[in-house]
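Reader: I'd like a close look at one part of this model, please. Take me through it slowly, then set it in the context of the rest of the chain.

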Amino acid sequence: MEKYDIIVVGAGSAGLACAEVLAVAKRDVLVLEEGREIDYKVCAGGLTLKGLEILGMQECEKILQRKFTSLKFRTPFQNIEIKYKKPFLATVGMEEMYKFMTEKAKDAGAEIRINSRVRQIKENSLIVNNQKEIGFNYLVGADGPNSIVRKSLGLNSKKVLLAFQYIIPKKFEDLELFLDINKFGVTYIWIFPYQKTTSIGTGGDLTEKGQKILKISNLKENFDQWCRKKLNFEPQKYKLESSIINYDYQGFDFGHKFLAGDAGGFANGLNGEGMLFAMFSGQDIANKILDPSYKCKNIEHILKIKKFQERILELFEVNKSFAKI
């Protein structure tokens with residue numbers, strides 16, 4: 001039976017960040033990706049420059065699409081613009097980002113296999129494509145909201161969001177967020193401009209409380225109407241991209257098995273933020289495998305943010321009047 005020191009399931013931002021750290025440390029690491037290519041999930045593609053600096057990813061500067069010194073918030077009652085003296089946030093093309101992270105992991109020595117769907121997970125091995133068994137000392141589940149690694153640990157996911165977007169071939173100038181609880185529920189519409197295109201999207205909470213504020217079907221209808229009225233484009237002309245976001249955190253360290261990114265529920269339930277959180281969790285888990293005494297300070301910080309902001313989410317979903325204010 002083939003065997004690796006560490007197997008990472010999923011070649012998303014969490015899995016690739018984890019694999020690179022392990023490979024740099026000269027550990028024997030295999031990344032399994034079920035798709036025919038390393039693809040991205042729905043994401044506005046916004047990254048704080050401070051976050052990239054903390055991650056040690058300043059070299060990804062070359063794949064940043066645009067940088068912004070301001071962010072505009074719009075509501076039915078007022079418009080606010082937050083300005084900074086220097087760029088604080090950038091948009092990045094997700095395809096370019098994943099390609100960049102894939103090459104970094106490979107250059108460090110990680111092996112990445114596509115078309116490799118994990119069908120079964122045992123105590124110290126897994127079955128790929130219904131036939132091949134591969135052994136491991138450590139297993140990292142970075143395989144998204146429907147993670148088979150998470151399920152093998154007996155964990156379900158009750159707290160999930162649905163995000164969807166259109167990528168339109170038009171360049172917008174400003175980074176903007178639109179809030180209207182009557183039309184969009186406890187969420188927002190984003191406009192994230194790239195060099196030649198723009199991501200326009202929104203999302204909603206699929207939990208019972210979230211659906212009481214605004215059903216997803218109504219959110220989609222309101223979103224399309226808003227695009228026609230406010231932005232003067234017909235949504236049906238463009239492909240709708242959608243994905244599930246898991247924010248149901250129930251732990252990440254299970255002995256010799258770990259959960260990172262969406263598989264671990266590290267996304268933020270209030271605003272759907274997940275990409276930087278995923279990369280932070282992947283790096284911390286890699287360092288924990290390398291040194292069991294390692295303190296996962298980034299994960300601790302993520303969990304503090306999640307706890308605070310998701311309490312706000314619960315309050316909003318219980319009290320619609322307060323959410324409006």
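By class, how many nonpolar, polar and charged residues does the lining of the largest cavity have?

Author: Happy to. Keep in mind that this is a predicted model. The lining of the largest cavity has 6 nonpolar residues, 6 polar ones and 3 charged ones. The cavity count, taken at 30 Å³ or more, comes to 1. The space inside the largest cavity is about 90 Å³. Altogether 15 residues line it, and those closest to the centre are Val186, Gly204, Asp205, Gly210 and Leu214. As for the elements around it, strand E15 (198-205), helix H6 (208-213) and helix H7 (216-230) each give two or more residues to the lining. If you want to find the spot on screen, try centring your view on Val186, Gly204, Asp205, Gly210 and Leu214, the lining residues closest to the middle of the cavity.

Now for the setting. The chain has 10 helices and 17 strands. Its radius of gyration is 20 Å, close to the 20 Å that the globule rule gives for 325 residues, so the chain is as compact as a globular protein of that length. Along the principal axes, the C-alpha atoms fill a box of roughly 60 × 40 × 40 Å. Of the 325 residues, 54% count as buried. Long-range contacts are well represented too: among contacts with a separation of 6 or more, 70% are between residues 24 or more positions apart.

The salt bridges are worth a stop as well. The count comes to 13. One of them pairs the side chains of Asp174 and Lys72, at 3.0 Å from N to O. That pair links distant parts of the chain, 102 residues apart: Asp174 sits in the loop between strand E12 (160-168) and strand E13 (176-178), while Lys72 belongs to strand E5 (residues 70-74). On the Asp174 side, the relative accessible area is 27%, so that residue is partly exposed. Lys72 has 17% relative accessibility, so it counts as buried.

Another bridge joins the side chains of Glu111 and Arg113, with 2.8 Å from N to O. Glu111 is partly exposed because its relative accessible area is 30%. Arg113, at 19%, is buried because the cut-off is under 20%.

Back at helix H7 (216-230), which helps line the cavity, there is Arg228 to look at. Arg228 forms a salt bridge with Glu234, and their closest N and O atoms are 3.0 Å apart. Both partners are partly exposed: Arg228 has 34% relative accessibility, and Glu234 has a relative accessible area of 27%. Elsewhere, salt bridges with shared partners join Glu2, Glu111, Arg113 and Lys132 into one network.

Last, a look at Ala323, in helix H10 (residues 320-324). Its relative accessibility is 17%, so Ala323 counts as buried. Setting aside neighbours within four places in sequence, Ala323 is in contact with Ile181 and Phe316. Ala323 and Leu177 are 146 residues apart along the chain, and their C-alpha atoms are separated by 16 Å.

Conventions:
Residues numbered from 1 in each chain as written. Predicted model: local features only at pLDDT ≥ 70, side-chain atom pairs only at ≥ 80, totals over all residues. Heavy atoms only, no water. 1 Å grid on protein atoms, 1.4 Å probe; cavity = no way out; pocket = protein on both sides within 12 Å on 5 of 7 lines; lining within 4 Å. Points joined across faces, edges and corners; volume = space filled by probe spheres on them. Helix = DSSP H or I, 4+ residues; strand = E, 2+ residues; numbered from the N terminus. Nonpolar A, V, L, I, M, F, W, Y, C, P; charged D, E, K, R; others polar. Salt bridge = Lys/Arg side-chain N within 4 Å of Asp/Glu carboxyl O. Buried < 20%, exposed > 50% of the residue type's maximum accessible area, 1.4 Å probe, protein only. Rg over C-alpha atoms; globule rule 2.2 N^0.38 Å. Contact = heavy atoms within 4.5 Å.
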